[in-house]
Amino acid sequence: GRAVGATIVSKYKVYQNDQATRYVNLVGQTLAQASTKPETFGGYHFLLLDSDEINAFAAPGGFIFLSRGMVRLCRTEDDLAAVLAHEVGHVELQHALRAIKSSRLTSALTTLAMEGAKNFGGEQLAQLTQAFEGSISDITGTMMNSGYARKQERQADEAALRILQAIGYDPHALVAVLDEMQKDLKPDGHDFAATHPPPAERVKDLRGMLGDQPHRSGSPARQKRFNQALAGI
């Protein structure tokens, strides 16, 4: 996860805003506690990227990145929570790890099994290093270029709805954010449009999942802290 995160921040600048970063982490950490994977090896970390692109990434182990362009689409804290909950869903379901080619995993695990009882030699270490570097390429290539399969995006949306409901946010907020994306995304863009199914497809799926669930109204205090924390972003 740290290696994938390092790759992401080598492409995107980190947004230097302590107030906004603390706020996004507070919301994100709260959501993570309602997931089926509330703890990871290094814990969940949420970071803002200084980019106008509309995008978000979830690296293995709970490293979640959100662009300023994505945050600007959010009108309420519920909207922001919906985006973060979707990314927490990807972590919970380990979608990034599933992007690693099975042949690469087999090679790495075989080497570990054969050499686990003794010190690694140069050749074995080189094989593991190559497998590791290839795994990072598999994950970042999927996250930043090709995107997850529609089935995986649907699974992350399902997880997001469950998480939002558990915390008390409006699950319909995920539909609201996707509707906003539909207005702003360029079909041939290199951001969210290139790595996710069309928002309209996801909205259709989500409305089926939501059924007749009522909207939950946000409080004025919640809206006030949202406006204060993200002012100027």
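Okay, let's start with the sheet: three strands, open, in the order β1-β3-β2, with mixed pairing. On the edges you've got β1, residues 45-49, and β2, residues 56-59, and each of those pairs on one side only. From one strand to the next, the twist averages 15°. One thing to say up front is that this is a predicted model.

So let's take the two pairings in turn. β1 and β3, where β3 is residues 63-67, run in the parallel sense, and they're joined over five bridges. If you want a spot to click on there, Leu-47 stands opposite Phe-65 in β3. On the other side, β2 and β3 pair in the antiparallel sense, over four bridges. Here a good place to look is Ala-58, whose bridge partner in β3 is Ile-64. β2 and β3 form a hairpin with three residues between the strands, and Gly-61 in that hairpin takes a positive phi near 85°.

Now, what about the faces of the sheet? In a regular strand, side chains alternate between the two faces. For β2, both faces are covered: Ala-56 and Ala-58 are buried on one side, and Phe-57 and Ala-59 are buried on the other.

And which helices sit on the sheet? Helix α1, residues 2-11, lies across β1, β2 and β3, and runs at about 15° to β3. Then there's helix α4, residues 77-92, which packs on the sheet and also touches β1, β2 and β3, with its direction at about 145° to that of β3.

Let me zoom out for a second. The protein has eleven helices along with those three strands. Reading from the N terminus, the order is α-α-β-β-β-α-α-α-α-α-α-α-α-α. There are 233 residues, and 49% of them are buried. If you take the contacts with a separation of 6 or more, 72% are between residues 24 or more positions apart.

Back to α4, and its first stop, Glu-77, which lies in that helix. Is Glu-77 buried or exposed? Its relative accessibility is 1%, so Glu-77 counts as buried. Leaving out residues up to four places away in sequence, Glu-77 touches Tyr-23, Val-27, Tyr-169, Arg-222, Gln-223, Arg-225 and Phe-226.

α4 also packs against α7. The angle there is about 120°, and the axes are 7 Å apart. That angle is why α4 is called oblique to α7. The crossing is right-handed. On the α4 side, the residues making the contact include Ala-81, Ala-85, Val-88, Gly-89 and Glu-92, and on the α7 side they include Ala-156, Ala-159, Arg-162 and Ile-163. Sorted by type, the residues of this contact come out as nine nonpolar, four polar and four charged.

Let's look at one of those, Ala-159, which is found in α7, residues 150-167. With 3% relative accessibility, Ala-159 counts as buried, because the cut-off is under 20%. Not counting residues up to four places away, Ala-159 touches Gly-89 and Glu-92. Glu-92 is 67 residues from Ala-159 along the chain, yet their C-alpha atoms are separated by 8.3 Å.

Glu-92 turns up again with Thr-36. Where is Thr-36? It's in the loop between α2, residues 18-33, and β1. Thr-36 has 60% relative accessibility, so it counts as exposed. Even so, setting aside neighbours within four places in sequence, Thr-36 is in contact with Glu-92 and Arg-162. There's also a C-alpha separation of 9.8 Å between Thr-36 and Val-88, which are 52 residues apart along the chain.

Last stop, another helix pair: α8, residues 173-184, and α10, residues 199-210. They pack at an angle of about 165°, with axes 9 Å apart. So α8 and α10 are roughly antiparallel to each other. α8 passes α10 in a left-handed crossing. In α8, the residues involved include Leu-174, Val-175, Leu-178 and Met-181, and they meet a set in α10 that includes Pro-199, Val-203, Leu-206 and Leu-210. The residues of that contact divide into nine nonpolar, one polar and three charged.

That's my tour, thanks.

Technical notes. Residues numbered from 1 in each chain as written. Predicted model: local features only at pLDDT ≥ 70, side-chain atom pairs only at ≥ 80, totals over all residues. Heavy atoms only, no water. Axes fitted to C-alpha atoms, helices over the stretch in contact; angles between N-to-C directions. Helix = DSSP H or I, 4+ residues; strand = E, 2+ residues; numbered from the N terminus. Parallel < 35°, antiparallel > 145°, perpendicular 65-115°, else oblique. Left-handed = near helix turned anticlockwise from the far one by under 90°. Contact = heavy atoms within 4.5 Å. Nonpolar A, V, L, I, M, F, W, Y, C, P; charged D, E, K, R; others polar. Buried < 20%, exposed > 50% of the residue type's maximum accessible area, 1.4 Å probe, protein only. Pairing = 2+ DSSP bridges.
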